[in-house]
Structure formats: structure tokens, C-alpha cells
Amino acid sequence: MFPACRYSLQARKCIRALKVVQAEHVAPQVYSTRCSSSTVPRITTHYTVYPRDKDPRWEGVEMERFADEADVVIVGGGPAGLSAAIRLKQLANQHEKELRVCVVEKASQIGAHTLSGACLEATALNELIPDWKERGAPLNTPVTEDKFSILTEKYRIPVPILPGLPMNNHGNYLVRLGNFVRWLGEQAEELGVELYPGYAAAEVLFHEDGSVKGIATNDVGIGKDGSPKDVFERGMELHAKVTLFGEGCHGHLAKQLYKQFNLRENCEPQTYAIGLKELWVIDEKKWRPGRAEHSVGWPLNRNTYGGSFLYHLNEGEPLVALGFVVGLDYTNPYLSPFREFQRWKHHPSLMSTLEGGNRIAYGARALNEGGFQSIPKLTFPGGMLIGCSPHTQWETNEYSLGLDSAQLKPAKDCAPIEYPKPDGKISFDLLSSVALSGTNHEHDQPPHLTLKDDSVPVAQNLAVYDGPEQRFCPAGVYEYVPLETGDGMRLQINAQNCVHCKTCDIKDPSQNINWVVPEGSGGPAYNGM
């Protein structure tokens, strides 16, 4: 039923490492960053847009994919994926059954792409791993103090927190979620779960009857111009009786599954926000371990949804996690979530905490904001959606226009926003921030931020909305630069900067951007975010 498995995943890791070594001794090849057509500069070179079977450069290239089989394959090594893997192995061991569970994770290490506040409510953890304290789970900071406030430009208005309200976090824990996820991975491996970080699931595989068969990992060794390099290697197929998709918010495979199985037929459209986060080491005299602070209001206006958090962590040093959330249904194309975040830190109530401190980390991630009414059907033949993955939006040209991407007004109808220049002490520029995320991608590969139509950015987004992607992206991936001929502008995609937040795939007013996985292990290298 399944093709012969010539290599196990472990063996393929060794083969890939050898090919990398070989590549270091091959003369470097220079690939064009873009190709020119008669009208529009070519930006997208990815095979999902330009099929390889029509490209003469791929003639004669071996395209066989080797396959392996498991009982359960889980896409995504986050909290949901690892918890599912742990519970499956617990049940298998309890019933003395052999069950092969494989988790594929696009990050180079488990937890390296995980970013959250995070305030953790421990009920599910108590059920999953009752002895988590004895096992050394990194839950070091129980919440001891809650503060909630409304901010004006100069003042903080405290709001009382009554028992039973959502902002009452007593009994919860302030955590660095990446560290917690790494610990979950260790617990999973102890139970026999096979973890494969650095392997990005790029494609859903289907049986002839339409049910999900498994996934294929992405091909590697493709040049920036879309041609095969000497070290090209086909991805591997992983077949399973059941495949669980836990990709996180706005997963690119989940988007395919919604259409394939019409999973959103009976639910409301999803809505989103973008969350931006930093870690700071502050003056110990200002440190209050266990304090959780939340706020709404300034610098956002009354028509823009958002808020902030400031968590004092007990991690052996005076560490705070702070973040800012902006709803992606905002209407002004001149708004920059990143620059709103930097401006927020200059509020007097924040300045008093951060002054004299040192910023050590930065990152960003899209968030689901829709409620129960936005949850789609979770199951389908051969698989299931888990975690934040069951949340994505319809295409705006096919369905309801009540989506985040459809909310932007034309630039001519909006006032430009003047942001203060960063001072380099409390607020910072974008590129120095991205540097703190540890983000890295192989430069010589097709940009994984693909465009359905290369002409749309200039003709539509720049012309109508003044290029909002250069402001809503929290990593400086998109910028408009002059054409070499000097008679216009073109979109430049700096894919190496991408922190995998998915905001562009959500907020693009033309819904022309399709985020796909880059080569495995590319992306941010968060350390306990």
C-alpha cells in the first residue's frame, strides 16, 4: 500500500547534513533576485505558483519521494501538538498497545517558534501531567497581584478587578511559553514520541477516496530563482491512520483543509490581532515577581481594538515580559502595530518600570480573536484540527466582507500617522528589533511569501492603500523601492526577516499574499518567548 521506505527520518537527517557539507565545497552560484517581464517585475518564484512540470530547468530531476508510516502524525510541536502526542502515548501505554506517534515541527528546536504572553491556567496541565512540579515544569511565577487600567496619553486610570472577572489571574502562572513547550517536548520523548524539529510540513496528502493520508515535508535545495540546486532533495511523505494539524494561528495547511472539507460552512468568520512582545531585564528595585498588569486605551484610538500586558517573571533575574496587541480589523492603512507598541512604552506608567533596563528579546505573532461562534468543524476523514489551528478566514472575494482584510479604507480617506522617532533606550527601530528575534533563513531559496499576482502590490495595494504591508508587517519583510529605470516602484520582499507571524496572509487587503513554509529550520530562534 505504501512505497518502500528507503530511509528512516533519522537516516535522512544524516544524509541532509552530508549534503550541506558537500554544498560548502561547491562553487557558489549566483541567482537573479527577480526576473523582468514586459510589464511587471517578477517577484514570486515559488513552485506553488509556478509549477515545476512546466519549467524546463526541472527536466530530468529525480522527483520521487520516499515514504514512512506512523499511526499518528502531528503537524506542529506547540502546546496542542505536544499535549496530544503525550496523551496518545499515555493511553497506548495504559492499554499496552504499540502506537507510533510522530511530531514534525518547522522550527530548528522545539519551542523556537513559540511566542505568547503568557499567563497559563493550569487545569489541563494538572490533568495531563499531575506530577508536573516534581518533573521540573518551568512554571516558576504564580500570579500574586493583578492590575488593570485604562490609559490616556499621560495618565493611568485604575480599574478594580473583582473575583470571577477574566482579568483575575490568581491561581494562574506567568510563564515563558517557549521554555514550557521545550519541557513538554522532553516529556513527550520520555514516553516514546518521535520529535522531528527542522521538518516543515508543506503539503497535505490524500487517499483516492478524498480522506487525508498524511503530509509531505518540504523540498530543500531550490535556488531563489526557482531552479534546482546541486543539493536539491525531495521532501519525505509521512503517512498515518490519523493526522492532527496543530500549526498555530492561521496555519497554511489548515487553510487548504477548510476548502477541501468545507469546515467553515456553519460558523462565523474568524477575526485576528497581532501581538508584539519584548523581554526586558529591569532594575531590581522595580521588579515585582508575580505581578500581572493589563491595560487598554492609549495609544490606540477608540475605534481600534487592542491592549497590553506587563508580566513580572520570577526567573532568577529581574525579568519582565511586555507586549502590545492590535486588532487586525483596524481601518487606517497608515497604522503600524510595531510603532504603536514602541510608542506605548513611553507612557509614564511604563517608563517608570523600563528606565534603566535592557531589552533582550523581541518577536511577534498573529492571534485568534474570534470566539466560540468562529470555531469550525474540527474533524474530517483521516484527520483533525487542534489548538489555535482551527481558526482562519474566508477568501474576501468569495465570501462575507466582514473580515480583517476588508476593513482598510483607501489612503486618501485617512490621515497619515506621525510616529515619534525611537530613542534607542525605551523605543527602538524595526530592524534592530528583528535582530533580537534570532530570525534566519537560507538566503538562496524562493521567497516563501508568495504572491498570486505580482502586479497587485503596486497596482492595488500601493495605489489605493499606500502599501500597508510595509507597516503591518512586524519584521520589515515588505518595502516599496524605486524601479531601476526610475519610472515607478516595485515591491521588494525581504523573506529572510520573516518571523512567521502570518499577519500579511491575514491583513493584505487584496488577499494576494499566500504564506507557505520555507526550508525547514528557517524562521525565528526565540529563547523562551
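# Reading a predicted model, feature by feature

Guide: Ala118 is found in the loop between strand 4 (101–105) and strand 5 (119–120), and that loop is a good place to begin, provided we keep in mind that the whole model is predicted.

Visitor: Is the peptide bond that joins Gly117 and Ala118 cis or trans?

Guide: As a general idea, most residues other than glycine have a negative phi, and most peptide bonds are trans. In this structure the bond joining Gly117 and Ala118 is cis, with omega at about -5°. Another cis peptide bond runs from Trp298 to Pro299, where omega is near 10°, and Pro299 has its place in the loop between strand 17 (291–297) and strand 18 (306–314).

Visitor: Before I look further, how should I read the confidence, and what pLDDT does the protein chain average?

Guide: Where pLDDT is low, the predicted coordinates should not be read in detail. Here the protein chain averages a pLDDT of 91, and 90% of the residues score at least 70. Residues 1–7, however, have a pLDDT below 50, although this stretch has 16 contacts in the model beyond near neighbours in sequence. Residues 11–38 also fall below 50, and for that stretch the model holds 38 contacts beyond near neighbours in sequence.

Visitor: Turning to backbone angles, what is the phi of Lys502, which is not a glycine?

Guide: Lys502 has a positive phi of about 75°, and the residue is found in the loop between strand 25 (489–493) and helix 11 (503–507).

Visitor: Is Lys502 buried or exposed?

Guide: The reasoning rests on a cut-off, since buried means under 20% relative accessible area. Lys502 has 4% relative accessibility, so it counts as buried. A second case is Gln511, not a glycine either, whose phi is positive at about 45°; this residue has its place in the loop between helix 11 and strand 26 (513–515), and at 9% relative accessibility Gln511 likewise counts as buried.

Visitor: Where does a positive phi occur in the hairpin of strand 13 and strand 14?

Guide: In that hairpin, which has 5 residues between the strands, Gly226 takes a positive phi near 90°. Strand 13 (residues 220–222) and strand 14 (residues 228–233) run antiparallel and are joined by 2 bridges; in one pairing, the bridge partner of Ile222 in strand 14 is Pro228.

Visitor: The loop of this hairpin leads me to charged pairs; which side chain meets that of Asp225 in a salt bridge?

Guide: For such a pair one asks whether a side-chain nitrogen of Lys or Arg lies within 4 Å of a carboxyl oxygen of Asp or Glu, and by this rule the count comes to 22 salt bridges. Asp225 pairs with Arg57, at 3.3 Å from N to O. Asp225 lies in the loop between strand 13 and strand 14, and Arg57 in the loop between strand 2 (41–42) and strand 3 (67–75), so the pair ties together parts that are 168 residues apart in sequence. Asp225 is buried, with a relative accessible area of 14%, whereas Arg57 is partly exposed at 37%.

Visitor: Which residue forms a salt bridge with Glu203?

Guide: The partner is Arg65, with the closest N and O atoms 3.0 Å apart. This pair also links distant parts of the chain, since Glu203 is in strand 11 and Arg65 in the loop between strand 2 and strand 3, 138 residues apart. Here Glu203 is partly exposed at 32% relative accessible area, and Arg65 is buried at 13%.

Visitor: How far apart are N and O in the salt bridge of Lys412 and Asp413?

Guide: The side chains of Lys412 and Asp413 meet at 3.2 Å, N to O; Lys412 counts as exposed at 71% relative accessibility, and Asp413 is partly exposed at 48%. Salt bridges can also share partners, and in this way Arg52, Asp219 and Arg234 are joined into one network.

Visitor: Finally, which residues in the largest nonpolar core touch the most other members?

Guide: The idea is to follow buried nonpolar residues that are joined through side-chain atoms within 4.5 Å. The largest such core has 69 residues, of which Trp280, Leu322, Leu449, Val477, Tyr478 and Ile493 touch the most other members. Strand 19 (residues 318–327) gives the most to this core, with 6 residues. Apart from it lies another core, of 30 residues, including Ala84, Val101, Tyr173 and Val181.

Methods:
Residues numbered from 1 in each chain as written. Predicted model: local features only at pLDDT ≥ 70, side-chain atom pairs only at ≥ 80, totals over all residues. Heavy atoms only, no water. Helix = DSSP H or I, 4+ residues; strand = E, 2+ residues; numbered from the N terminus. Buried < 20%, exposed > 50% of the residue type's maximum accessible area, 1.4 Å probe, protein only. pLDDT = per-residue confidence, 0-100. Contact = heavy atoms within 4.5 Å. Pairing = 2+ DSSP bridges.
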